[in-house]
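Please find below some notes on the ligand site and on one strand residue. They are meant to be read beside the coordinates.

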Amino acid sequence: MAIQDPIEEGLASGWKHIDASQLNQGKTLEADVVIVGSGAGGGVAAEILTQAGLTVIIVEGGPLKSSKSFNMEERRAYPNLYHQAAGMKTKDKAIGIFQGRAVGGSTTVNWTTSIRTPSQALDFWAKYKSVTNLSRNELDPWFKKMEQRLNISQWGYEPNRNNQALKHGCEKLGWDFTVIKRNVKGCWNTGYCGMGCPVNAKQSMLVTTIPSALALGATLVSRAKVMQLEHHDGKITAIKAQALTEQLTSTSIELIFKAKHYILSAGAIHSPTILLRSCVTDPHKLLGKRTFLHPTLLSGALFDDPINGHSGAPQSIYSDQFVWRDGADGELGYKLEVPPVHPVLIASKTLGYGKSHAALMDNFNQLQVTIALIRDGYHPDSQGGQVHLTDTGFELDYPLADVFWHSARRAFASMAELQFAAGAKQVLPMSEGMPYLNSWKEAKLAIANMELAPLKTVVASAHVMGGCPMGEDLNMSMVNSFGQSHYYENLSVMDGSIFPTSLGANPQLSIYGITARNATRLAEQLMTAS
Ligand SMILES: Cc1cc2nc3c(=O)[nH]c(=O)nc-3n(C[C@H](O)[C@H](O)[C@H](O)COP(=O)(O)OP(=O)(O)OC[C@H]3O[C@@H](n4cnc5c(N)ncnc54)[C@H](O)[C@@H]3O)c2cc1C
């Protein structure tokens with residue numbers, strides 16, 4: 001069956017796309033609005049602003065790829081579609097970070113779990129982070145709008161065996177669990193979402209809002225890395241970008257973008273980095289601080305029957321049993337999910353080397369993996385990380401505090417209990433020195449005494465948030481509750497960097513809904529002004 005390629009068709013129909021790697025001299029482009037980044041925030045903003053009748057340029061550092069090149073191979077997907085070839089790490093290398101770098105941003109490679117912002121997060125932001133007008137009632141219509149736009153609905157098929165284990169464990173223990181809503185249309189249930197959807201079923205920005213904006217006349221400039229914002233007297237006057245090569249290395253070709261309004265949607269870490277590089281006003285030194293990751297722990301479990309966690313929708317069940325149990329600012333809660341189990345991904349996140357690692361990978365198809373995403377940014381001792389500029393770019397310093405390790409131990413115990421309840425023969429908490437554990441009784445004791453430490457314990461993240469927080473109090477926020485800069489009248493930030501804490505839920509739908517609200521308001525303001 002032939003698979004339609006909406007990107008190829010759109011380009012043939014005359015979309016305005018400039019691949020900056022093909023330029024041999026600099027260029028200046030102008031529009032009503034310039035958007036930096038084409039992921040969850042940038043994609044939604046681009047569609048809404050073009051629909052309102054504004055001219056829009058989207059500047060994206062990554063390449064424009066399409067389903068034709070998504071061949072389900074990790075060795076191609078990671079270097080082509082992820083920042084730092086999926087090898088990004090925190091300063092001390094203790095946390096591995098996945099972030100997309102391609103048109104569509106992280107939505108091109110994400111796993112499609114779609115969850116509205118939890119009420120506990122919204123209430124916390126209103127009470128402690130000076131965020132206004134973002135209550136459950138005010139936001140729900142925006143989530144509904146984006147759920148309809150992106151075909152978000154509950155996964156109707158049988159969960160794959162990896163997710164079934166999570167479900168069975170919860171059922172046995174009487175723990176809460178939920179069937180996940182996914183942004184897919186005609187999903188083939190392949191399980192390769194993380195390598196770019198080969199059949200265009202995932203309703204990522206790559207196949208929804210970006211094509212819609214381009215069909216309405218927007219311009220997309222890919223392989224162009226925004227370096228800094230020029231500003232004067234409380235206004236942004238231009239954006240300067242560097243054309244990249246096909247391999248995404250630097251060139252000396254400079255692109256200049258001018259607009260009435262500028263939107264940063266480069267994602268957490270990168271939007272703050274661009275602002276830091278631009279030396280923007282930041283009297284309270286907030287930029288890049290409080291960057292959150294939902295630092296995530298892994299527990300492997302061997303089952304007798306094949307799990308084949310690489311096959312089928314990667315995430316279809318989650319458990320919120322422990323996320324808010326001790327109150328928002330109590331002990332750090334954790335959400336239980338499973339990841340897709342692909343060989344390179346899992347080999348890089350498991351333990352040992354040589355023979356022991358080979359033995360682990362020998363049992364690859366019997367391996368179930370459960371993850372615990374720790375909810376950071378609420379407890380007073382959970383302040384997240386800080387982005388710093390370096391000679392070559394940026395680094396994220398994210399110290400893992402005692403309060404994190406305390407929750408990590410609880411999370412490892414919950415995961416082991418769940419996996420044994422689901423029928424696991426052996427459980428392996430992913431932390432150096434841990435043996436295979438043969439029963440819940442044995443695991444309970446071993447986990448209570450296990451050594452937890454940076455670089456020993458595997459910690460990963462696919463949820464980067466914060467660093468440019470929203471709110472009304474200038475002492476704790478860089479943009480207002482609609483994402484508009486406190487200091488530059490024609491600058492907004494629309495991406496995951498504006499969250500004042502992590503979410504305790506997978507972030508994409510929060511970014512879609514909040515951006516839809518903020519971009520709609522901005523479009524009204526800009527249209528009225530013109
Ligand atoms: C492997 C993986 C799985 C995930 N699974 C899920 C999931 O199932 N559910 C969920 O809710 N969330 C998931 N996420 C997270 C979710 O996709 C992100 O939180 C969301 O896409 C972030 O949106 P954003 O707009 O902030 O940034 P992004 O979507 O990351 O977009 C930012 C864009 O800006 C570009 N950019 C950065 N710097 C520059 C620059 N200087 N110049 C030009 N362009 C620049 C980047 O290349 C990128 O394309 C996953 C993420 C990953 C990586």
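1. A residue is taken as near the ligand if one of its heavy atoms lies within 4 Å of it. In this predicted model, the ligand is surrounded by 41 residues. The closest are Glu60, Ser106, Thr113, Val226 and Gln508.

2. By class, the shell around the ligand holds 22 polar residues, 15 nonpolar and 4 charged.

3. Which elements supply the shell? At least two residues each come from α2 (40-51), β10 (224-232), α8 (270-277) and α13 (508-529). Strand β10 gives the largest share, 3 residues.

4. Oxygen atoms of the ligand have polar partners in the protein. An N or O atom in the side chain of Asn110 is 3.0 Å from a ligand oxygen. For Ala102 the partner is a backbone N or O atom, at 3.2 Å from an oxygen atom of the ligand. Asn506 likewise places a backbone N or O atom 3.5 Å from a ligand oxygen. The ligand taken alone exposes 1000 Å², and the protein buries 97% of that.

5. A separate point concerns Gln386, which is found in strand β18 (residues 386-389). Gln386 counts as partly exposed because its relative accessibility is 26%, between the 20% limit for buried and the 50% limit for exposed.

6. Leaving aside residues up to four places away in sequence, Gln386 touches Gly288, Lys289, Glu395, Leu396 and Asp397. Between Gln386 and Leu264 the C-alpha to C-alpha distance is 19 Å, with the two 122 residues apart in sequence.

Technical notes:
Residues are numbered from 1 along each chain as its sequence is written. This is a predicted model: local features need pLDDT of at least 70, side-chain atom pairs count only at pLDDT 80 or more; totals for chains, interfaces and linings use all residues. Side-chain values use heavy atoms; hydrogens and water are left out. A polar contact is a pair of N or O atoms within 3.5 Å; within protein, one must be able to donate a hydrogen and the other to accept it, and residues adjacent in sequence count only if both atoms are side-chain atoms. Accessible areas come from the Shrake-Rupley method with a 1.4 Å probe; for residues, only the protein chains shown count as cover. Helices (H or I, at least four residues) and strands (E, at least two) are DSSP runs, numbered from the N terminus. Ala, Val, Leu, Ile, Met, Phe, Trp, Tyr, Cys and Pro count as nonpolar, Asp, Glu, Lys and Arg as charged, and the others, Gly among them, as polar. Buried means under 20% relative accessible area, exposed over 50%, partly exposed in between (1.4 Å probe, protein chains only). Contact means heavy atoms within 4.5 Å.
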